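Open the model in your viewer and show it as a cartoon. The tour below goes from one selection to the next and says what is there.

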Amino acid sequence: MSLDQSATLEQQIHEFNAQLATQAPPQVVDQFSQHINTLIASGVEKNALKVGEKAPSFTLPDALGRQVSLAGLLQQGPVVVTFYRGEWCPYCNLQLHAYQQVLPQIKELGASLIAISPQTPDHSLSLSEKHELAFPVLSDQGNLVARQFGLAYSIEEQTRTLLKSLGSDIAAFNGDESWELPVPGTFIISQDGTIRLTYADADYTHRLEPSALLDGLRTMSK
């Protein structure tokens, strides 16, 4: 699918959804809509850590197996932590590509950016290379860190079958049989480890706009 790269992230997602509606079988679109409605009804995003809470400390491997720690990054400045579902998720790909576009501005504001998913380092490397990402893409196998941030949930059986039929075998991507994913969430963490911005939405087609992310960083620097 060809999308307008100059559009906002929300516009790109809207455009993708419009194209998907014309190209995917209606029953597939309906099943994903039902899955999203189930997630929204569960209130799962309400478990996400809130502004003012302390972020849990963690160390995770990047796409090349190098260990990256939140504590080490916080020594250099604020950190933006974004949790995504995996390279198989088109909405995650759009988001990470959009964040890559504003990475110079994030750095200008003295912050760093990391992206975390439960997929194996090999799949993280594939995504990082495909989208030419210049920020660390970390593997949180077993969703241990996502669980600490209040984001982990298990996919129901019907949606597992649907994803498998479309070539998205989450167990294979993640290297375990849990079929757990994180609610897509983005956090800004100040140097003292306090969460200054939280964005988590059970509707995984919704993501934090890069402009809102930059606004959050600017607010911190005042």
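## A tour from the sheet outwards

Begin by selecting Phe83 and Ile116: Ile116, in strand S4, is the bridge partner of Phe83. Keep in mind that this is a predicted model. Next, pick Thr82, whose bridge partner in S4 is Ala115.

**Strand S3**

Now select residues 79–83, which make up S3. Strands of a sheet pair through backbone hydrogen bonds, either parallel or antiparallel. S3 shows both kinds. With S4 (residues 112–117) S3 runs parallel, and 5 bridges join the two. With strand S8 (residues 185–189) S3 pairs in the antiparallel sense, again over 5 bridges. Select Val79 and Ile189 to see one of these pairs: Ile189 is the bridge partner of Val79 in S8.

Turn on the side chains of S3. In a regular strand the side chains alternate between the two faces of the sheet. Here Val79, Val81 and Phe83 point one way, while Val80 and Thr82 point the other way. Are these residues buried or exposed? All of them are buried. Because 5 of the 5 residues of S3 are buried, the strand is largely enclosed by the rest of the structure.

**Strands S8 and S9**

Move on to residues 195–200, strand S9, which pairs with S8 in the antiparallel sense over 5 bridges. Select Ile188 and Leu197: Leu197 of S9 stands opposite Ile188. S8 and S9 form a hairpin with 5 residues between the strands. In this hairpin, select Gly193, which takes a positive phi near 90°.

**The whole sheet**

Show the strands together. In what order do the 5 strands of the open sheet stand? The order is S5-S4-S3-S8-S9, and the pairing is mixed. S5 and S9 stand at the edges with a single partner strand each, so one side of each has no neighbour in the sheet. From one strand to the next, the twist averages 20°.

Add helix H4 (residues 90–101), which packs on the sheet and touches S3, S4 and S8. The direction of H4 makes about 165° with that of S3. Then add H6, which also packs on the sheet, touching S4 and S5. The direction of H6 makes about 165° with that of S5.

**Two loop residues**

From H6 (121–130), go to Glu132, in the loop between this helix and strand S5 (137–139). Phi of Glu132 is near 50°, a positive value in a residue other than glycine. Glu132 is exposed, with a relative accessible area of 65%.

Next, select Trp179, in the loop between helix H9 (170–174) and strand S7 (180–182). Trp179 is a residue other than glycine with a positive phi, near 55°. At 4% relative accessibility, Trp179 counts as buried.

**A pair of helices**

Finish with helix H2 (residues 26–42) and helix H8 (residues 157–165). Two packed helices are described by the angle between their axes and the distance between the axes. For H2 and H8 the angle is about 140° and the axes are 10 Å apart. The two helices are therefore oblique to each other, and their crossing is left-handed. Which residues make the contact? Select Val28, Gln31, Phe32, Gln34 and His35 of H2, and Gln158, Thr159, Leu162 and Leu163 of H8. By class, this contact has 4 nonpolar, 5 polar and no charged residues.

Definitions and conventions
Residues numbered from 1 in each chain as written. Predicted model: local features only at pLDDT ≥ 70, side-chain atom pairs only at ≥ 80, totals over all residues. Heavy atoms only, no water. Axes fitted to C-alpha atoms, helices over the stretch in contact; angles between N-to-C directions. Helix = DSSP H or I, 4+ residues; strand = E, 2+ residues; numbered from the N terminus. Parallel < 35°, antiparallel > 145°, perpendicular 65-115°, else oblique. Left-handed = near helix turned anticlockwise from the far one by under 90°. Contact = heavy atoms within 4.5 Å. Nonpolar A, V, L, I, M, F, W, Y, C, P; charged D, E, K, R; others polar. Buried < 20%, exposed > 50% of the residue type's maximum accessible area, 1.4 Å probe, protein only. Pairing = 2+ DSSP bridges.
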